[in-house]
Amino acid sequence: MSRHHILLIIAMLSACFALSALAEDSPADATVEIGPTDTGDWHVSYSFAEPQTALAFARSRNDYRSATWTLETDDAQFGRAFDFDVIVFDKPTKQVSFSIIPLTSALEADYTPFVTFSDGGLAIFEGQFSLVPFEDLDAIKALEGDLTNTEAGPLSMDVKVASDQPIIVDGAVHEGSLTHRAKNGGTYIYMGNSEVETFDSFAVVLDQGLPDWLQARFDSDLGKIFSALETQWGFELEDKATVLLAFKGTSGEGFSASGGALDQLLMMEVGGSAFAEASFNSLSYLQWFFAHEAVHLFQTAEGAEFAGDSDAWIHEGAANTMAYAIIAAQLGEEDRQKFLSAVYANSFDECVAALEGGPLNTVSERDLFSANYACGDLIAQATDGFLKRKTLFEFWNRLIQNAVSLDQPRINETLYFTTMQLFGSTRAQRDKIRTIVEDELDDPAAALTDLLESAGLEPEFDGKGNLVKMNWPVYAAE
């Protein structure tokens with residue numbers, strides 16, 4: 001696995017920044033018109049229904065706008081303040097414009113703003129333009145870097161684009177121009193010549209530059225993944241999922257994959273030299289990657305929302321476990337063992353390394369967000385092991401039911417342990433997980449091994465301390 005670089009950008013902030021579900025015919029609070037200019041840069045022009053005095057970008061986790069956005073409006077200031085990208089006006093204003101360099105690089109724990117396809121297509125993440133109104137800069141300062149501290153949500157927003165190529169959004173094709181109401185944190189708007197192909201559970205826009213050996217099997221592989229997830233979760237998605245797959249070419253080293261789940265859309269970017277020829281490793285990890293992102297659609301299908309960074313291990317870890325198990329179930333015994341041994345040896349090592357610097361609920365603060373996948377995966381397996389009469393999928397169905405019954409349907413640590421208790425886990429079992437999540441550990445490897453052994457997962461290590469085998473769950477759709 002050392003040659004495979006897997007970068008996942010997941011949608012754990014969508015709940016915090018969800019847009020109000022307004023009727024399509026209701027006037028938007030803001031309209032943003034975007035498009036390319038003759039210079040190759042893009043214009044971004046906002047019109048507000050009501051004059052604004054101060055605004056913060058709803059998605060400000062990364063500070064890329066400081067280097068790529070240039071303000072073109074007088075009597076206004078734009079920059080980074082109090083962990084947000086902000087716009088402050090000298091007087092109440094209804095218009096503001098920018099010239100931007102479209103960022104096509106992956107961002108840490110967020111969506112790529114502009115996704116390029118090797119066949120000339122382009123997908124634009126409309127959530128990057130979302131704004132939250134404030135009285136002044138002091139009101140933004142009072143948030144202490146956390147947007148959930150405000151009662152005001154983002155402005156409802158219409159996104160206007162025009163193209164001489166077909167425009168695809170929400171699985172529908174438009175010609176010429178489009179005005180789209182951004183909802184639930186925003187989605188991707190695709191412009192290009194690829195067609196929408198529709199199947200039983202999903203629709204797909206596939207980069208035509210994808211290698212032939214992957215194009216030939218992509219649809220059937222994705223169909224198997226959705227079918228297996230529907231079987232294990234016990235329900236089908238109410239609406240078809242839309243999958244956008246962008247291929248980044250084979251010039252990069254190894255295996256690269258990034259993307260995320262947004263409402264009913266999966267946005268994927270894959271590439272690297274590992275795709276130049278048919279490969280078991282590349283295919284297995286790509287299948288897992290799609291399965292992981294598809295799991296997020298099921299985790300939020302009933303209206304449940306993910307909590308903040310400190311609780312990301314809950315949904316990311318379970319998505320990892322479910323995805324690995326689904327893919328492993330489709331492999332022969334020898335390949336299954338090889339696949340799972342490799343991924344969990346890596347997960348154990350990564351988790352231990354992260355816990356040496358502090359508890360799991362602080363890894364995002366320490367820029368170790370990927371530890372939520374590794375440690376959360378092992379915790380999800382331990383949860384499955386503790387609940388002898390329930391599968392991890394059954395546990396998650398109950399967890400979701402418990403979440404959506406609340407005024408704020410967020411899946412957090414408290415709800416996780418409450419649901420474990422309702423399903424019969426003991427206090428001692430829950431405390432073993434709490435130790436990993438909350439405590440400073442003198443010996444993280446020993447604590448993690450104790451958790452896995454207590455859950456009946458029977459971890460085995462070689463002479464160098466590498467995890468080589470475990471009684472991992474495999475969920476096969478009969």
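This passage describes a strand hairpin, a charged surface patch, several salt bridges and two unusual backbone angles in a predicted model.

The hairpin is a convenient place to begin. Strand E9, covering residues 157-169, and strand E10, covering residues 172-182, run antiparallel to one another and are paired over 10 bridges. Within this pairing, Ile168 faces Val173 of E10. The turn of the hairpin leaves 2 residues between the strands. Asp170 sits in this loop between E9 and E10, and its phi is positive, at about 55°, although Asp170 is not a glycine. Such a value draws the eye because most residues other than glycine have a negative phi. Asp170 is also exposed, because its relative accessible area of 54% is over the 50% cut-off.

A second backbone angle of this kind occurs at Asp75, where phi is near 60°, again positive in a residue other than glycine. Asp75 is placed in the loop that joins strand E3 (69-71) to strand E4 (76-81). With a relative accessibility of 43%, Asp75 counts as partly exposed.

Asp170 returns in the description of the surface, where a negative patch is made up of Asp170, Glu238, Asp239, Asp263 and Glu302. One of these residues, Asp239, belongs to the loop between helix H3 (212-233) and strand E14 (241-247). Asp239 has a relative accessible area of 47% and is therefore partly exposed, whereas Asp170, at 54%, is exposed.

Attention now turns to charges of opposite sign. Side chains of opposite charge can pair when their charged atoms come close. In this model the count comes to 13 salt bridges. One of them joins the side chains of Asp309 and Arg61, with an N to O distance of 2.6 Å. This pair connects distant parts of the chain, as the two residues are 248 residues apart. Asp309 lies in the loop between strand E17 (305-306) and helix H5 (312-329), while Arg61 lies in the loop between strand E2 (42-57) and helix H1 (65-68). Asp309 is partly exposed at 22% relative accessibility, and Arg61 is likewise partly exposed, at 27%.

Other salt bridges are found within a helix. Asp221 and Arg217 form one in which the closest N and O atoms are 2.7 Å apart. Both residues belong to helix H3, where a spacing of 4 residues corresponds to about one turn of the helix. Asp221 is buried because its relative accessible area is 8%, which falls under the 20% limit. Its partner Arg217, at 33% relative accessibility, counts as partly exposed.

Glu333 and Arg336 form a further salt bridge, with the closest N and O atoms 3.4 Å apart. These two residues are 3 residues apart in helix H6 (residues 333-355), so about one helical turn separates them. Glu333 has a relative accessible area of 49% and is partly exposed. Arg336, by contrast, has a relative accessibility of 19% and so counts as buried, since the boundary is set at 20%.

Finally, salt bridges also occur as a network, in which Arg65, Arg80 and Asp85 are linked.

Notes: Residues numbered from 1 in each chain as written. Predicted model: local features only at pLDDT ≥ 70, side-chain atom pairs only at ≥ 80, totals over all residues. Heavy atoms only, no water. Pairing = 2+ DSSP bridges. Patch = residues over 30% accessible without salt bridge, like charges linked within 9 Å, V, L, I, M, F, W, Y side chains within 5 Å. Areas by Shrake-Rupley, 256 points an atom, 1.4 Å probe, with all protein chains shown as cover. Salt bridge = Lys/Arg side-chain N within 4 Å of Asp/Glu carboxyl O. Lys, Arg positive; Asp, Glu negative; His and termini not counted. Charge placed at Lys NZ, Arg CZ, Asp CG, Glu CD. Buried < 20%, exposed > 50% of the residue type's maximum accessible area, 1.4 Å probe, protein only.
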